[in-house]
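Open the model in your viewer and keep the sequence panel visible. The stops below go from the sheet to the helices on it, then to single side chains and their partners.

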Amino acid sequence: MAAAGCIETIAGLRAELDAARARGASIGFVPTMGALHEGHLALIRAARERDDVVVVSIFVNPTQFNASEDLQKYPRDLARDLALAEGAGADLVFAPPAGEMYLPGASTWVDVEGLTEGLCGAARPGHFRGVCTVVTKLFNIVGPHRAYFGEKDAQQLAVIKRMVRDLDMRVEIVPCATVREPDGLAMSSRNVRLSPAERAQAPVLYRALTAARLAIENGERDAERPKADICAALADADLATIDYVEIVDADSLEPVTTVDRPCLIALAVFFGDVRLIDNITV
Ligand code: AMP
């Protein structure tokens, strides 16, 4: 296909994709909230390599933000996103208005228990319920063979995999590595909201994570010490406020006291009202 077409209606997208499926094409899907950056583009390129038709959704999903969060401040620039998505290989961009996705009286939710209780789930009540519901709706609309998700949002990836398994959804979830700025800061649509001083301090997240990983690779088994070291490094960044720093089992996302199996070191830190997350596996 030539230029990436932008489609705003469910019926319009389904018509395109029914035709693609009828000719035997595989459909790769990259769900996003827009404000695209190299992290998103890596997902689109991964889909382009494996699938015949690449669909990108751009939808700032209101149900995954709670009242005090940054829904209104979330950056939006559809024209720029369309050009970037097309440049990375998207065939179709689905950018529905909120009213197309949520009809008045919508009252059905998809809730994954357990995995959503800690980490970001504890700090953002209802967040994963909103994510799982919108991703289920998008899967039902797109009908993808494969869907691509970033490891930057490690808990989201684990929750989506569990949801797909538990609800027998017919889609393969493809994880993609976190894309970082040259100084290590994980790319995020929220980074543009950092002040220059906050942006200068933000690489401390990845520096602290890599130092903790090194300590564990060098034999540290007690989870508390690397956690304390990360907190100390973050305390040196005077604009950073810790939301959480955790070392959790990579599968269950349960906190560990001893690092004796594959684990995730995960953190969330506020700079002003901008909440950044990052993680690393050990
Ligand atoms: P978002 O637009 O933030 O909802 O993210 C859409 C998708 O892009 C999710 O699967 C994210 O995990 C993924 N993503 C966001 N930032 C990055 C990054 N820096 N590296 C890799 N994937 C990312």
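Start with the strands of this predicted model. Select all 6 strands of the open sheet, which run in the order β1-β4-β3-β2-β5-β6 with parallel pairing. Colour β1 (5-7) and β6 (172-176) separately: they stand at the edges with a single partner strand each, so one side of each has no neighbour in the sheet. On average, neighbouring strands are turned by 25 degrees against each other, direction ignored.

Next, show β3 (residues 53-58) and β4 (residues 92-94), which pair in the parallel sense over 3 bridges. Within this pair, V55 stands opposite L92 of β4.

Now add helix α6, residues 127-142, which packs on the sheet and touches β2 (27-32), β3, β4, β5 (146-150) and β6. Its direction makes about 150 degrees with that of β2. Then add helix α7, residues 154-166, which also packs on the sheet, touching β5 and β6. The direction of α7 makes about 170 degrees with that of β6.

Between β5 and α7 there is a loop; select K152 in it. Which side chain of opposite charge is nearest to K152? It is D153, 4.3 Å away, and K152, although buried, has no salt bridge. A salt bridge is counted within 4 Å, so this distance falls outside the cut-off. Show the surroundings as sticks: leaving aside neighbours within four places in sequence, K152 is in contact with T178, A186, M187, S188, I277 and N279.

Turn to the aromatic rings, where the structure holds 4 pairs. Select F59 and Y102, whose ring centres are 6.3 Å apart and whose planes are at 35 degrees, so the pair is tilted. F59 is in the loop between β3 and α3 (78-88), and Y102 is in the loop between α4 (98-101) and α5 (119-123), so the pair ties together parts 43 residues apart in sequence. Are these two rings buried or exposed? F59 counts as buried at 5% relative accessibility, and Y102 is buried with a relative accessible area of 17%.

Move to F65 and Y74: the centres of these rings are 5.9 Å apart and the planes are at 75 degrees, so this pair is edge-to-face. Both F65 and Y74 are buried. Then select F29, F139 and F149 together, which form one aromatic cluster.

The last stops are charged pairs; the structure holds 18 salt bridges. Select D91 and R48, which form one of them, with the closest N and O atoms 2.9 Å apart. D91 is in the loop between α3 and β4 and R48 is in helix α2 (residues 38-50), so the pair ties together parts that are 43 residues apart in sequence. D91 is buried, with a relative accessible area of 6%, whereas R48 counts as partly exposed at 29%.

Go on to R165 and D166, whose side chains meet in a salt bridge at 2.9 Å, N to O. R165 is exposed, with a relative accessible area of 58%, and D166 is partly exposed, with 42%.

Select R261 and D260 next: the closest N and O atoms of this salt bridge are 3.0 Å apart. R261 counts as partly exposed at 39% relative accessibility, and D260 counts as exposed at 52%. Finish with R50, D51, R146 and E172, which salt bridges with shared partners join into one network.

Notes:
Residues are numbered from 1 along each chain as its sequence is written. This is a predicted model: local features need pLDDT of at least 70, side-chain atom pairs count only at pLDDT 80 or more; totals for chains, interfaces and linings use all residues. Side-chain values use heavy atoms; hydrogens and water are left out. Two strands pair if DSSP finds at least two bridges between them. Helices (H or I, at least four residues) and strands (E, at least two) are DSSP runs, numbered from the N terminus. Axes are lines fitted to C-alpha atoms, for helices over the stretch in contact, and angles run from 0 to 180 degrees between N-to-C directions. Contact means heavy atoms within 4.5 Å. Buried means under 20% relative accessible area, exposed over 50%, partly exposed in between (1.4 Å probe, protein chains only). Lys and Arg count as positive and Asp and Glu as negative; His and the chain ends are not counted. Rings of Phe, Tyr and Trp (its six-membered ring) pair if their centres lie within 6.5 Å; planes under 30 degrees apart count as stacked, over 60 as edge-to-face and the rest as tilted.
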